[in-house]
Amino acid sequence: MTYREMAVALCGGADTPCAPAQDGNEPALPTSEAVYRVKRSFARVAQAEALTARFYDRLFALRPDVRPLFASSLADQQHKLASTLAVVVGGLDDFEALRGAVSALGRGHVAYGVSEAHYAAVGAALIWSLEAETGSLLPEEREAWIEVYGFLSTVMMRAARSAAPNPTP
Ligand code: HEM
């Protein structure tokens, strides 16, 4: 899935203003405005564990087929996702320091059975749960999350693709 396809899937329309075109070789780093908006909105999340609980409910409603990929108890997973989000959001100003870890995360996800088609559903569930847990996101904050999530997913998917012996289309 390309960055554009991801943005389109998250935004729900090909020509929506929140679908930045970015199909080049290297995905562009999120802008500093987007990083600021992501941090500002993330700071309004009172309970990271509540956010992730909502996230999984939404994800499994959108895509019940991914439920078996996760351990039957989500307790550890909720903690991991919440802490990773906090680290990644906190580190976005210096993404180069995180790139290796995010690439390794992408390669690791192939072993979990994650495919590119799953990324948009995860992004949609994430943004939905952020909206619910913060009360609401401003339109520009929502766009910023799409930009940042699209970027991280693209780095993960590209790393997974380059590691795959027989990449599937
Ligand atoms: C930006 C996107 C994502 C981030 C930052 C992320 C982050 C993480 C982290 C930190 C872990 C903990 C284990 C590890 O270190 O490898 C994990 C595990 C996992 N993730 Fe993701 N993830 C992302 C996208 C996805 C997507 C699209 C799926 C598809 C359903 C997915 C499914 C899983 C599964 C199945 C596990 C293992 C769960 C278990 O141990 O029960 N993730 N993810």
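Visitor: Which helices each supply at least two residues of the shell around the ligand?

Guide: Helix 4 (75–91), helix 5 (96–111), helix 6 and helix 7 (139–163) do. A helix here is a DSSP run of H or I with at least four residues, numbered from the N terminus. This is a predicted model, where local features need pLDDT of at least 70, side-chain atom pairs count only at pLDDT 80 or more, and totals for chains, interfaces and linings use all residues. Residues are numbered from 1 along each chain as its sequence is written.

Visitor: What makes a residue part of the shell around the ligand?

Guide: Its C-beta atom, placed from the backbone, must lie within 6 Å of the ligand. The ligand is surrounded by 20 residues, and Leu 69, Ala 71, Thr 84, His 118 and Val 122 are the closest.

Visitor: Why is Leu 130 called buried?

Guide: Buried means that 20 or more other C-beta atoms, placed from the backbone, lie within 10 Å of the residue's own (exposed is 12 or fewer, partly exposed in between). Leu 130 has 24 within 10 Å, so Leu 130 is buried. You will find Leu 130 in helix 6 (residues 116–134).

Visitor: Which residues does Leu 130 touch, not counting residues up to four places away in sequence?

Guide: Ser 41, Leu 51, Leu 137 and Trp 145. Contact requires C-beta atoms, placed from the backbone, within 7 Å. Leu 51 is 79 residues from Leu 130 along the chain, yet their C-alpha atoms are separated by 6.7 Å.

Visitor: How many helices and strands does the chain have?

Guide: The chain has 7 helices and 0 strands (a strand would be a DSSP run of E with at least two residues).

Terms used. Contact = placed C-beta atoms within 7 Å.
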